[in-house]
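Good morning. I have one structure to go through today, and I will take it from the whole chain down to single residues.

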Amino acid sequence: IKSSKAKRMGLVDSLVKPLGPGLKSPEENTLQYLEEVAVQTAKSLASGSLKPDRSHSWANMKDLQYKITTDTNFGRNFVFKKAKETVMKKTGGLYP
């Protein structure tokens, strides 16, 4: 999963862009910067000054999926159609 999509999905809370060359190689600069950001974020979370955004959590996504498949005619028909296709495929069409 790309980083921007992971952020939209709620898998990560923030993104750190890679740094270019400086006195050290780009990889070393990026790693040092990433460590600094991680420590600062951990301190902010511990002190309570930073609150993580959990509005797009997986639980909310599953609730939405459940509502769509059970509360709408389209969702129910889709689920039953797929179930019937699976049963017919596994039984070779010998199920009433």
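I will start with the overall layout, then turn to the surface, two side-chain pairs in one helix, and a few single residues.

First, please keep in mind that this is a predicted model.

The protein has four helices and zero strands. If you read along the sequence, the pattern is α-α-α-α. Is the protein a compact globule, or is it more spread out than that? It is more spread out, because the radius of gyration is 23 Å, and the globule rule gives 12 Å for 96 residues, so the value is well over the rule. The box tells you about the extent along each principal axis: the C-alpha atoms fill roughly 75 × 35 × 20 Å.

Next, burial and contacts. Of the 96 residues in the protein, 6% are buried. For contacts, take those with a separation of 6 or more: residues 24 or more positions apart account for 19% of them.

Now the surface. The protein exposes about 8400 Å², and 61% of that area is supplied by carbon and sulfur atoms. Which residues make the nonpolar surface patch of about 370 Å²? They are Ile 1, Leu 11, Val 12 and Leu 15. Take Leu 11 from that group. Leu 11 sits in the loop between α1, residues 3–9, and α2, residues 26–47. Its relative accessible area is 43%, so Leu 11 counts as partly exposed.

Staying in that loop, look at Lys 17, which also lies between α1 and α2. Lys 17 counts as exposed, because its relative accessibility is 67% and the cut-off for exposed is over 50%. For a sense of distance, compare its position with that of Lys 81. The two are 64 residues apart in sequence, and their C-alpha atoms are 45 Å apart in space.

A residue at the other end of the accessibility scale is Ser 44, which has its place in helix α2. Why does Ser 44 count as buried? Its relative accessibility is 14%, and buried means under 20%. Setting aside neighbours within four places in sequence, Ser 44 is in contact with Ser 49 and Leu 50.

That brings me to helix α4, which covers residues 73–91. I have two pairs to show there.

The first is a salt bridge, and the count for the structure is one. The side chains of Lys 82 and Glu 85 meet in it, at 3.6 Å from N to O. How far apart are Lys 82 and Glu 85 along helix α4? They are three residues apart, so about one helical turn separates them. As for exposure, Lys 82 is partly exposed, with a relative accessible area of 39%. Glu 85 is partly exposed as well, at 40%.

The second is an aromatic pair, and the structure holds one. It is formed by Phe 74 and Phe 78, and the pair is stacked, with 6.4 Å centre to centre and 25 degrees between the planes. Those two values appear because a pair of aromatic rings is described by the distance of the centres and the angle of the planes. Phe 74 and Phe 78 both lie in helix α4, four residues apart, which is about one turn of the helix. Which of the two is exposed, and which partly exposed? Phe 74 is exposed, with a relative accessible area of 66%, whereas Phe 78 is partly exposed at 42%.

To recap, we have four helices and zero strands, with one salt bridge and one aromatic pair. That is the end of my part.

Methods: Residues are numbered from 1 along each chain as its sequence is written. This is a predicted model: local features need pLDDT of at least 70, side-chain atom pairs count only at pLDDT 80 or more; totals for chains, interfaces and linings use all residues. Side-chain values use heavy atoms; hydrogens and water are left out. A salt bridge is a side-chain nitrogen of Lys or Arg within 4 Å of a carboxyl oxygen of Asp or Glu. Helices (H or I, at least four residues) and strands (E, at least two) are DSSP runs, numbered from the N terminus. Buried means under 20% relative accessible area, exposed over 50%, partly exposed in between (1.4 Å probe, protein chains only). Rings of Phe, Tyr and Trp (its six-membered ring) pair if their centres lie within 6.5 Å; planes under 30 degrees apart count as stacked, over 60 as edge-to-face and the rest as tilted. The radius of gyration is taken over C-alpha atoms; the globule rule is 2.2 Å times the number of residues to the power 0.38. Contact means heavy atoms within 4.5 Å. Accessible areas come from the Shrake-Rupley method with a 1.4 Å probe; for residues, only the protein chains shown count as cover. Patches are made of residues with over 30% relative accessible area and no salt bridge: like charges are joined within 9 Å, nonpolar side chains (Val, Leu, Ile, Met, Phe, Trp, Tyr) within 5 Å.
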